[in-house]
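Biologist: Please take a close look at the main nonpolar core of this protein, and tell me which residues and elements build it and how its surroundings are arranged.

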Amino acid sequence: MKITYLLIAGLILSGCSKEKTNGPWNLKDGQEVEVLVSHRYAATDDVVTLLPQKKTDVGGVYYFTDREPGYNYRVKARMVAPDVPPQDGPSYWLELVKVLSKEKYAGNDSFVIELIYRGWGSPGIMLKKENGLYDFQGKVKLTPATPAIADKLAEVWDYYEDYLEEVKAYRPGNPMPVLKWKSIKGRVTHDPANFGKSYLVSNLEFME
């Protein structure tokens with residue numbers, strides 16, 4: 001009888017140990033955790049930090065639409081790992097549950113943003129010009145720190161307008177238009193004149 005109980009206990013423990021976990025933090029579907037979201041919105045090092053372990057992971061928190069650049073957040077998030085992931089989408093992600101705190105970043109350290117998108121779908125330059133202002137990722141403006149940077153941003157935008165026209169004119173059987181740059185990285189800080197709404201661009205680095 002004792003052997004039977006041990007076998008049953010062993011099977012239960014075996015089943016529990018095989019429960020699927022996701023990501024570098026080994027979270028189960030539906031599991032809720034607290035994370036820190038940094039002030040560096042859309043930066044190359046825009047990571048989330050698991051608390052209290054202080055482990056970092058790339059990516060963000062889905063449905064965090066009220067997030068403002070320039071602010072550090074402590075939020076509660078839920079792991080979502082559907083049995084059938086969306087087509088051309090991630091197999092798991094963190095989803096916002098609740099904002100626990102929000103704190104304005106008081107420093108002036110610079111960080112890097114990447115202007116070329118090469119994720120799911122076609123590559124593109126994450127830049128749009130409206131009313132003389134450059135919009136990045138639909139959330140923050142890019143303000144040139146010098147006339148030289150203003151000229152470089154204008155160069156990128158003029159080229160991208162032509163590229164988009166080539167994409168529109170594309171027909172099957174013809175060569176597909178290809179971006180001439182593999183990467184465009186900008187060194188930025190939060191713009192004190194328009195904090196939370198604009199990045200001040202001090203340098204642009206192109207890689208063909």
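Modeller: What follows starts with the chain as a whole, goes into the core and then moves outward to the other parts.

The model is a predicted one, and its protein chain has two helices and 14 strands. Of the 208 residues in the chain, 34% count as buried. The accessible surface comes to about 13,100 Å², and carbon and sulfur atoms account for 53% of that surface. If one takes the contacts between residues at least 6 apart in sequence, 61% of them join residues at least 24 apart.

The largest nonpolar core has 28 residues, of which Ile125 and Leu142 touch the most other members. The elements that give two or more residues to this core are the strands β7 (111-114), β11 (133-136), β12 (140-144), β13 (183-190) and β14 (198-207), together with the helix α2 (147-168). The helix α2 gives the most, with seven residues. Around Leu142, once its neighbours within four places in sequence are left aside, the contacts are Ile113, Leu115, Leu127, Tyr134, Phe136, Leu153, Tyr199 and Val201. Apart from this core lies another one, of 15 residues, among them Leu27, Val35, Phe64 and Leu94.

Within helix α2, Val156 is a residue that can be followed in detail. Val156 has a relative accessible area of 1%, and because that is under 20%, the residue is classed as buried. Leaving out neighbours within four places in sequence, Val156 is in contact with Ile125, Leu127, Trp181, Ile184 and Phe206. One of these partners, Leu127, is 29 residues away from Val156 along the chain, and the C-alpha atoms of the two are separated by 8.6 Å.

Two of the strands named above can be examined through one residue each. Thr189 is found in strand β13, and with a relative accessible area of 15% Thr189 is buried. Not counting residues up to four places away in sequence, Thr189 touches Asn108, Asp109, Ser110 and Phe111, and also Ser198, Tyr199 and Leu200. Ser202 lies in strand β14, and its relative accessible area of 43% makes Ser202 partly exposed. The C-alpha atoms of Ser202 and Val188 are separated by 5.9 Å, although the two residues are 14 apart along the chain. Ser202 also touches Ala145, Ile149 and Arg187, again without counting residues up to four places away in sequence.

Turning from the core to open space, the largest pocket has a volume of about 930 Å³. Of the 35 residues that line this pocket, Asp46, Val58, Gly59, Gly60 and Tyr62 are the closest to its centre. The strands β3 (55-58), β4 (61-62), β6 (93-104) and β8 (116-117) each supply at least two residues of the lining. By residue class, the lining divides into 22 nonpolar, seven polar and six charged residues.

A further strand, β5 (residues 71-80), holds Arg78. The relative accessibility of Arg78 is 27%, so this residue counts as partly exposed. With residues up to four places away in sequence set aside, Arg78 touches Gly30, Gln31, Glu32, Trp93, Leu94, Glu95 and Val97. The last of these, Val97, is 19 residues from Arg78 in sequence, and the two are 6.5 Å apart in space, C-alpha to C-alpha.

Some details of the backbone complete the picture. Most residues other than glycine have a negative phi, and most peptide bonds are trans. The peptide bond from Leu51 to Pro52, however, is cis, with omega near 0°, and Pro52 lies in the loop between β2 (47-51) and β3. Asn26 has a positive phi of about 55° although it is not a glycine, and its place is the loop between α1 (2-17) and β1 (32-37). Ala42, which is also not a glycine, has a positive phi near 65°. Ala42 belongs to the loop between β1 and β2, and with a relative accessible area of 16% it is nevertheless buried.

Notes:
Residues numbered from 1 in each chain as written. Predicted model: local features only at pLDDT ≥ 70, side-chain atom pairs only at ≥ 80, totals over all residues. Heavy atoms only, no water. 1 Å grid on protein atoms, 1.4 Å probe; cavity = no way out; pocket = protein on both sides within 12 Å on 5 of 7 lines; lining within 4 Å. Points joined across faces, edges and corners; volume = space filled by probe spheres on them. Helix = DSSP H or I, 4+ residues; strand = E, 2+ residues; numbered from the N terminus. Nonpolar A, V, L, I, M, F, W, Y, C, P; charged D, E, K, R; others polar. Buried < 20%, exposed > 50% of the residue type's maximum accessible area, 1.4 Å probe, protein only. Contact = heavy atoms within 4.5 Å. Areas by Shrake-Rupley, 256 points an atom, 1.4 Å probe, with all protein chains shown as cover. Core = buried A, V, L, I, M, F, W, Y, C linked by side-chain atoms within 4.5 Å.
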